[in-house]
Amino acid sequence: MQDRPESETTTDERHSSRVSFEVNGTHRELTLDNRTTLLDTLRERLGLIGAKKGCDHGQCGSCTVLLDGRRVKSCLVFAVTLDGRSVLTVEGLAGPDELSPLQAAFVAHDAFQCGYCTPGQLCSARGMLDEVARGWPSAVTDDLTTPAELTDAEIRERMAGNLCRCAAYPHIVAAVRETAATT
Amino acid sequence: MRPFRYHRPADVAEAVAVLAAEPQAAYLAGGTNLVDLMKLGVQRPDLLVDVTRLPLDAVAELPDGGLRIGATVPNSDLAAHPVVRRDYPVLARALLAAASGQLRNVATTGGNLLQRTRCVYFQDTGKACNKREPGSGCAARHGQNRDLAVLDWSEQCVATHPSDLAVALAALDAVVEVHEAGGARDVPLAALHRSPGEHPERETTLARGALITAVRLPALPAARRSTYLKVRDRASFAFAVGSVAAVLDLDGDVVRDVRLAYGAVAHRPWRAYRAEDELRGRPFSPELAARAADAELAEARPLRHNGFKLPLTRAITVRALTELAEGTPS
């Protein structure tokens, strides 16, 4: 999508900023009203509509993306803070005509119904599996001093920041479990 | 949302100087609370001073055995730190019981301590709230107050402090390093947050524009036997309706030392000194733990909908200490 004329999106120089960052491997440079969240930047300025606006208050997880490799809620990040940083959205998890192993597992396990929360679930699961690989504990990890085994209880706790109103949770857990076991 | 200017300071001194010169400026760290409150119109800064790129993100072991945690260390990194997991499990457990993975990845140590109450009336600009708008009244005092305070509240405010981290830090006698316009100083965590009293809009003892730069944990070998127990309305990703941070040091079956702090009961993290006094020097038993909790809660004044918090806090005190005494913390 073309960057819109600046006059449409900024009314006041003091309250807007030039921001330069990377999205899915592509360098982006935009002038943004400082109030613009990363989520709105992706959806309204860059045409990347994978990340979804569910609650817009950090409670539902459907806007989850990876920021410098860490899963975050893009509705609570002002894009003006992102100079020099790197964002990965659901559109960047695999090439345009392929599925990542995680995405393939979501399809194989029917891990969604309406699909609205799915981009957030995928990005969150991607970040969560990296956290497990780094040996991070969770609230249900019994022994904090050894790396946790990724049980179903661990998957559910670690994915607690992503709601699914269709309640596809058992299939999401199955897809994440299979991905963890095979990659 | 009100338009705001954005500034990234070069160092701590510049950040503090900018805040001193700009009466409506606010620091931006992880933003997990502030950005939301700006969307809700509860906070309306005209300048955000972004402190996330200041060099405050290190966790360092101190020569005396303690730990110095930079103010911008994310909650997730702190919970995963090997020294925290080994020497201060109460801290790791408190962090892991809070928020969600995505939020812990950006929420910072300093920001967590300065987060605002989740009282629904504070977050709703259509309701009276002395904390948000001094003198406007308190819609919570006789409203839906199930989630609110049972200790130390005032007619002006019945809000609770929402942090889990702060409760663990209160139990550990942490010290907060602060930079203000006049220079640097140390503030004991127990003295960081205020009672609501007549001025619930003043939540901490820090001067306006003060910047938290680090939190220091003293060496506390007993904290290897410690835990954090949190009760929520759902299994995960919710604020506490009751919580306890507990450190227990036994000599045989006698309590040599104990640290207890409660969450979700007051306007600040509640260090339970009276309960500790009841426990110290006595042979441990679940009955003793219950008596200790009752001593702490003797001056509680439950509101219309939150009387359950007293037996709840008593029960989690007994459970946390008994599990520590038996060597089976959950």
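In what order do the 3 strands of the open sheet in chain B lie? Select chain B of this predicted model and look for the order β1-β3-β2, in which the pairing is parallel. The edge strands are β1 and β2, the latter covering residues 25-28 of chain B, and each of these two pairs on one side only. As you turn the view along the sheet, bear in mind that the twist averages 25° from one strand to the next.

Next, keep β2(B) selected and add β3 of chain B, residues 47-50, which runs parallel to β2(B) and is joined to it by 4 bridges. For a single example, pick B:Y27, whose bridge partner in β3(B) is B:V49.

From the sheet, move to the nonpolar cores. The largest of them has 159 residues, and those with the most contacts inside it include B:V90, B:A94, B:A168, B:A171 and B:A245. Helix α8 of chain B, residues 165-171, is the element that gives the most to this core, with 7 residues. Now centre the view on B:A245 and show what surrounds it: leaving aside its neighbours within four places in sequence, B:A245 is in contact with B:V90, B:A94, B:V167, B:A168, B:A171, B:Y228 and B:A261.

The following stop is the place where the two chains touch, so display chain A together with chain B, where 29 residues of chain B are in contact with 33 residues of chain A. On the side of chain B that touches chain A, at least two residues each come from β1 (5-7), α2 (34-39), α3 (75-80), α4 (82-87), α5 (89-96) and α6 (101-104) of chain B. If you colour this side of chain B by class, you will find 14 nonpolar, 9 polar and 6 charged residues.

Finally, hide chain B and colour chain A by domain, with domain 1 spanning 6-92 and domain 2 spanning 101-182. The centres of these two domains of chain A, taken over C-alpha atoms, are separated by 24 Å, and 14 residues of domain 1 are in contact with 14 residues of domain 2. On the side of domain 1 of chain A that touches domain 2 of chain A, select β3 (64-67) and β4 (70-73) of chain A, each of which supplies at least two residues, while β3(A) gives the most, with 3 residues. By class, this side of domain 1 of chain A has 6 nonpolar, 5 polar and 3 charged residues.

Terms used
Residues are numbered from 1 along each chain as its sequence is written. Chains are lettered from A and ligands numbered from 1 in the order in which they are written. This is a predicted model: local features need pLDDT of at least 70, side-chain atom pairs count only at pLDDT 80 or more; totals for chains, interfaces and linings use all residues. A nonpolar core is a set of buried Ala, Val, Leu, Ile, Met, Phe, Trp, Tyr and Cys residues joined through C-beta atoms within 7 Å. A residue is buried if 20 or more other C-beta atoms lie within 10 Å of its own, exposed if 12 or fewer, and partly exposed in between; C-beta atoms are placed from the backbone. Two residues are in contact if their C-beta atoms, placed from the backbone, lie within 7 Å. Domain bounds come from an automatic or database domain assignment. Ala, Val, Leu, Ile, Met, Phe, Trp, Tyr, Cys and Pro count as nonpolar, Asp, Glu, Lys and Arg as charged, and the others, Gly among them, as polar. Two strands pair if DSSP finds at least two bridges between them. Axes are lines fitted to C-alpha atoms, for helices over the stretch in contact, and angles run from 0 to 180 degrees between N-to-C directions.
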